Amino acid sequence: MAITSANQLELLQTAEAVAREKMIDASVVVEAMEESLARAAKSRYGSEMDIHVSIDRKTGKATFTRVRTVVADDELENYQAELTVDQAKEYMTDPSVGDVFSEEIPPVELGRIAAQSAKQVILQKVREAERDRQYEEFKDRTGTIINGVVKREEYGNVIVDVGRGEGILRRNEKIGREAYRPNDRIRCFIKDVRRESRGPQVFLSRTAPEFMSELFKMEVPEIYDGIIEIKAVARDPGSRAKIAVISYDGSIDPVGACVGMRGSRVQAVVNELQGEKIDIIPWNDDQPTFLVNALQPAEVTKVVLDEDAGKIEVVVPDEQLSLAIGRRGQNVRLASQLTNLDIDILTEAEESSRRQAEFAERTQLFMDNLDLDEFFAQLLVSEGFTNLEEVAYVEVDELLVIDGVDADTASELQARARDVLEAANRKALENARELGVEDSLVDFEGLTPQMIEALANDGVKSLEDFATCADWELAGGWTTVNGERVKDEGVLEKFDVSLEEAQAFVMTARIQLGWVDPADLDVAADDEADETEEGSEV
């Protein structure tokens, strides 16, 4: 049946019906019809023609118009869609380049093939409009909770009807024990909304930590109002979770507010998460204090924090070790996720034995290198001396506080320590020379002979080699691989070279080689200072 021979009002009624069914604007359907009719007209009159179709939104009448553009004589390429100025004078008064001449042409009766082609164009446009509508509706709802109805399950993934579209709850986003049947009601977190070739995809989750945060926001008015803030969440979905909260009102207990009267608030979240046990922990800006809270219910004896490495050591009583670690390491793993620190748990016995081993090692160091008896070496270690450099270059007054050490003894100790260090420096420099180190690196200020030897062993033998190093290659660092923090060993890390010092070393080398202009660095520093000042004013 030819579209143009149909009842013209029926055309509009069809467009409105399709728009209602697909929940899109009726004008989109009408525009698709106009495009399909224009394409059919081109196949009838010629594909090189520029034909437009306009459907009256009130009567449904389709008007076919041929459009030609006026161009310069030397630019005429398509005589079906273009006119020269002289040719246009037959139809227009005083034409000029760029003017458009339109004339109505007879409507086209569509045959079976043309009608089928027009139908495909309309369906494609409607699908695109439907996808755009779904994407626009859900893109701003990322990070919120949505209620839906289970439609079906495909290969372990659950397809959820979320109102004006569908969402997918993937198998790895489901809480382990959960099973769903069609028409079950489900509450999910909108994790992501993406445009894909098969249409917008709404990705749902029930295992995301943000899902728990949003559930608490729904159950605890103080969180919704901003009086209490959720600072961190760590979950082992379906089993256990830890959530850290802080109150900005001194009269409100953040933990008590989240628990609710007789546990009503937290129980509502637990029920939604299939019985997942939740530890609510008070947040603290002091990391060791926060970690002690995060390891509850275990008791912590001592905490040692290494901020540079992002690691922390926790000492617990022997009988508390299993409680601190938790079943299959769950408690310490969640505490690590919550604090974003690598946690090593030691018992008091293990920590004591390690301290004793370190004490014995340092004592032996002083006995071997300074020709001291065991008692005197132990006195040095007890006073906090850990290496020969500290003994050699410390203020004499710090040695005089040791029982039995007078001025002569202190001078002798420092002289022995310096002799040992100088001998070690000479040996290190000889080794570096044998490896082919150049004078440009040996003379570089700030590098000790041991550092130069370490660089040479790593293949860095000239100032040019040194200038091409990255700061983390020298000072070391941490990277995250598959969610695990991995240590990158630095060439100079054992000499306690910080990342900032490594950056200064490399930049100085580049300046000495003429690779970097110091003036450029000064300009960059001034710009950074200006930005900082502007930020503080804001």
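Does R328 count as exposed or buried, and at what relative accessibility? With 80% relative accessibility, R328 counts as exposed; the label applies over 50% relative accessible area, while buried means under 20% and partly exposed lies in between (1.4 Å probe, protein chains only).

Before we go further, a word on the model. It is a predicted one, in which local features need pLDDT of at least 70, side-chain atom pairs count only at pLDDT 80 or more, and totals for chains, interfaces and linings use all residues. Residues are numbered from 1 along each chain as its sequence is written, and side-chain values use heavy atoms, with hydrogens and water left out.

**A positive patch**

R328 sits in the loop between helix 10 (321-325) and helix 11 (330-339). Helices here are DSSP runs (H or I, at least four residues), as are strands (E, at least two), and both are numbered from the N terminus. Together with R177, K277 and R327, R328 forms a positive surface patch. The members of such a patch have over 30% relative accessible area and no salt bridge, and like charges are joined within 9 Å.

**Salt bridges**

The whole structure holds 16 salt bridges, each a side-chain nitrogen of Lys or Arg within 4 Å of a carboxyl oxygen of Asp or Glu. Here are three of them.

| Pair | Closest N to O distance |
|---|---|
| K151 and E166 | 2.5 Å |
| R194 and D192 | 2.7 Å |
| D279 and K242 | 3.3 Å |

Let us start with K151 and E166, which form a salt bridge. K151 belongs to strand 5 (residues 145-154) and E166 to strand 7 (residues 166-169), so their pairing ties together parts that are 15 residues apart in sequence. K151 is partly exposed at a relative accessible area of 36%, and E166 is partly exposed at 32%. These two residues also join R152 and E154 in a network of salt bridges.

In the next pair, R194 is partly exposed, its relative accessible area being 35%. Its partner D192 is partly exposed too, at 25% relative accessibility.

The D279 and K242 side chains also meet in a salt bridge. This pair links distant parts of the chain, with D279 in strand 12 (residues 277-282) and K242 in strand 11 (residues 240-247), 37 residues apart. D279 counts as partly exposed at 21% relative accessibility, whereas K242 counts as buried at 0%.

**Aromatic pairs**

Which rings come together? Four aromatic pairs are found in the whole structure. Rings of Phe, Tyr and Trp (its six-membered ring) pair if their centres lie within 6.5 Å; planes under 30 degrees apart count as stacked, over 60 as edge-to-face and the rest as tilted.

One of the pairs is W283 with F290: the ring centres are 4.5 Å apart and the planes stand at 50 degrees, so the pair is tilted. W283 counts as partly exposed at 23% relative accessibility, while F290 counts as buried at 3%.

F444 and F466 make an edge-to-face pair, with 5.3 Å from centre to centre and 70 degrees between the planes. F444 lies in the loop between helix 17 (439-442) and helix 18 (449-457) and F466 in helix 19 (residues 463-467), so this pair ties together parts that are 22 residues apart in sequence. Both F444 and F466 are buried. Ring pairs also bring in F505, linking F444, F466 and F505 into a cluster.

Definitions and conventions:
Patch = residues over 30% accessible without salt bridge, like charges linked within 9 Å, V, L, I, M, F, W, Y side chains within 5 Å. Areas by Shrake-Rupley, 256 points an atom, 1.4 Å probe, with all protein chains shown as cover. Lys, Arg positive; Asp, Glu negative; His and termini not counted. Charge placed at Lys NZ, Arg CZ, Asp CG, Glu CD.
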